[in-house]
Structure formats: structure tokens, C-alpha cells
Amino acid sequence: MEKTLSRLVLAGTGSGCGKTTAACAVLQALVDRGLKVGAFKCGPDYIDPMFHRAALGVDSHNLDLFLAEGDTVREQYRRYAGGRGAAVVEGAMGFYDGLGGSTHRASPWHAADTLELPVLLAVRPKGASLTLAAQIRGLLDFRQPSHIAAIFLTDCSPMLAGSLKPMLEGETGLPVLGHLPHLEEAELESRHLGLRTAGEIGDLPQRLRRAAETLEEAMDWERFFALFDRRPGWAAPPSRAGGGGVPLAVARDEVFCFAYAETLDALRDAGAEPVFFSPLRDEGVPEGACGLYLPGGYPELYAGRLADNRAMRACVRRLVEGGMPTVAECGGFLYLGRSLEGADGGSYPMAGVLPGDGVRRDRLVRFGYANLRAEGDSLLFRAGETVPVHEFHYWDSTDNGGDLTAVKPLTGRSWRCGFVSGRLYAAFPHLYFAGRPGLAERFVRAAKEYGEERISHEV
């Protein structure tokens, strides 16, 4: 049934221009046409890929040119786009907005240029008409090649789209492939970390279906497939992920939902077998686990329920203090603290492994990319190493640790953070294991050694 090898970046003029809704509608429409589709997200965003997964029923993958080098990003793209009839890469922010907002590094344009992909530019024509053409012309000229192949109008009525299409095509030389009107019944709700997660929107499948049905009539599909037919000159590398490895307990539920699919694959590639559990519902970490991974998420929204699960908190504390190799990022870091201020304003006890208390702030804290510098050897790092990381959180801790140094890449601003040892990484910064495979290898090696020590003690 597959008739194409469509490859494209769906980028936008800025945040709030309807990229995610458009991307999900395109993905759903492609799936409905019988295509095996792959989805990607530029940058470190965890939430938008959840919506891609809701449309596809498969993982969506991040492509981040700060957290990983160009060759690695190309390899990741080949790995996950290979064998698929279509692959859609959703951009972040504005088309050229990259590192620090003042460079194009890690921008959607950088991704398109690195992967040599054509771009479908999402434009929201609110309060402008001919000026849109001037803006698009500027985007076409700003970097060469721009890779922009076509325009798509978002939040745009059929009547307005009909009047804008000939003008934009004449002024920019780009085809306008279609439009998506404002669909109240297909809106994706937001909160302080961006969109609400896919699991929190109960009627999400119906919303995506409605958007895709509308797009089916509003997109020039024949032209779409002609413009974005890209037959890669490479073969998909064989998947290296397999079962039967060192068991790693990985927290996964509505609280701990910020784990990159590529990080889990990097752990599998290094010889681990992730075993998922819920700190919200389960009574303990899975039996036989040799390592513990607590990713980020929304513990502040479930602080009371996490506190009520005393058995799990006690189990986690016993294992971490007993030397189980543990990686805890952002929300996982807060869970290891003494207490956490919930979104309701209450204070709730957490695992009590670390000395700090999680508290709410009225703004983003230490937001964005940074480089994490290690001054000594530990579970994941070796002395003198620098690893790219990302932070995005409104909660903070009264004690963030001081074993590592984080440095902003453009300004040089730095701060101390993190608790690390030979068996622990606990800090706010999110790591991207796929960008630095050595981190996964060290984590899995330590977990294997822990398992062997446990067996020898039992004997």
C-alpha cells in the first residue's frame, strides 16, 4: 500500500504557530493512508513526541544537535527512519531559533541542513497578509540553502486560505499545499511546561482524528507527495537493541514520563534490559533489578500520592543507600529529596535519600542548554569530561548539590549542582545517553557489577 518515501521537516515561523497540531494531523493522515510512518522532534522536548506516539502507536525520537554531534544525529535518523514509508520531523520554536536564541545551532534549519531534508513551513496568518510574504521571503534568504519547499497555513479559515494562496505563491515562489482551520474540538491544551501530556487528554485520539479528517480535504496530497519524495542513499542500520541484558528498573508512569526513547535504546545497546515500574502504584522496585533510573516528569502534580506510597519510598531509599547504581534526573532528583511542595501548595515527604526539599518557583529555573563538567570520577563521568545537558523546570531544591559544574555555552555563566558518587547521578540536568554512549556503558557496567556483588553476598 505504500507508494512513497516522503521525508520532511515541518517547521514554523515561531512558537504558537500550530506546529504540533499540524504535525499530528499530517502524521495521522499518513497513517490512515496505510503508510508506515516515523516521527521525530527537533530539540530536547519530551512532550510533543508523546503526541506523535498517540498518532502512530510507535515511539517518536528526538534529534538534538546540541546534545549530540551531527554524525550521531544522522545515525539516529537513519536508524529510526529506515524502512518507513514516511518520516516527519517536527521543528521547535522558530525555523532559525537555536542555541541561546541567537544562533542557528540546534535549530530546525540546522536539522534540515544536517539531514538534507526539505521543509514544510507552517505559517499562522493572524493579523497579516502581504506582510507574510515579506517574512517568508526573509526566511528564504536568511541562510542558504533554506531548504523551504512549501507553505502550510495554520489556524486559517478556508476563505482566508483561498485569498492568501495565490498571493503567497506569486510573491514567494513557494506552493501553498493546504491549510488547517481553527478546530476547537482538536485543540491541544497547555500548562507551565508546554502542552499537557498525551495521557492527560482523554479524548486525544478523537481530536487527532478530527484534525486528520479536516486535513484530508484541505491538503493537496498529490503535490505533497511529489515535493517530499526523498529516496535516501543509505540503508537503515540494523537495530542493536535486544533483550536478555542486565535488568535496569526504569520508572515509567504518568509521573515519570520524561525519558528519551533513544536513551532507553542506548542502555539496551550497552547491554541492559529496561524493566518498567510505577513509583506511584507499585510497592517496590522490580525484583532482580541491578540499577535504577528515575527520569523527569511531573512529581509536583502527584506529590500526595507519591508520599502515600510509603513502601515504594522506603524501597527506593534502601536500594540507593545500599549502593544500587542510580540515575535520577529532574523529577527523579526531586523524588530522592526529603520533601516536595506539591502543585496544591502542600509539603509531602519523598524518598529522603538527598538533603534538599523541592520547592516551587514563580519562573523557569536555570532554563535551557548547558555543559556539565566533572571534576572527579563517578558513576557516569570521568574527571575533566564535559557533557551537554538540558534543564526545564519551575521547581527547585533547597540543596542542589555541588559535585558538578554546569556552564551556559554562550554566556559562560556557571553554577554548582548535582550529587554524584561511584554509584549515583542525581541532579536537575537531563542527560541524553544516545549522544554520549559511554554514559550508558558505564551505567550498565556498574549495574552488572552490583548484580554480581549481590549474588556473591547471597552465596
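Two rings of Phe, Tyr or Trp (for Trp, the six-membered ring) make an aromatic pair if their centres lie within 6.5 Å; planes under 30 degrees apart count as stacked, over 60 as edge-to-face, and the rest as tilted. By that rule, the structure holds 20 aromatic pairs. The model is a predicted one, so local features need pLDDT of at least 70 and side-chain atom pairs count only at pLDDT 80 or more, while totals for chains, interfaces and linings use all residues. Residues are numbered from 1 along each chain as its sequence is written, and side-chain values use heavy atoms, with hydrogens and water left out.

Take Tyr96 and Trp109: this pair is tilted, with 6.2 Å centre to centre and 40° between the planes. Tyr96 lies in the loop between β4 (86–90) and α4 (108–115) and Trp109 in helix α4, so the pair ties together parts that are 13 residues apart in sequence. (Helices, H or I with at least four residues, and strands, E with at least two, are DSSP runs numbered from the N terminus.) Both Tyr96 and Trp109 are buried, meaning under 20% relative accessible area (exposed is over 50%, partly exposed in between; 1.4 Å probe, protein chains only). Phe433 and Phe443, on the other hand, meet edge-to-face, at 6.5 Å centre to centre and 80° between the planes. Phe433 counts as buried at 1% relative accessibility, and Phe443 is buried at 0%. Elsewhere, ring pairs link Tyr46, Phe258, Tyr260, Tyr298 and Tyr432 into a cluster.

Next come the nonpolar cores, each a set of buried Ala, Val, Leu, Ile, Met, Phe, Trp, Tyr and Cys residues joined through side-chain atoms within 4.5 Å. The largest has 88 residues, and Leu30, Leu215 and Phe224 are among those with the most contacts inside it. Helix α1 (residues 19–32) gives the most to this core, chipping in eight residues. A second, separate core has 71 residues, including Cys290 and Leu334.

Then there is the sheet. Seven strands form an open sheet in the order β3-β2-β4-β1-β5-β6-β7, with parallel pairing; two strands pair if DSSP finds at least two bridges between them. At the edges sit β3 (60–63) and β7 (176–180), each pairing on one side only. Strand β1 (residues 6–12) is joined to β4 by five bridges, and the two run parallel. Within this part of the sheet, Leu8 stands opposite Val88 in β4.
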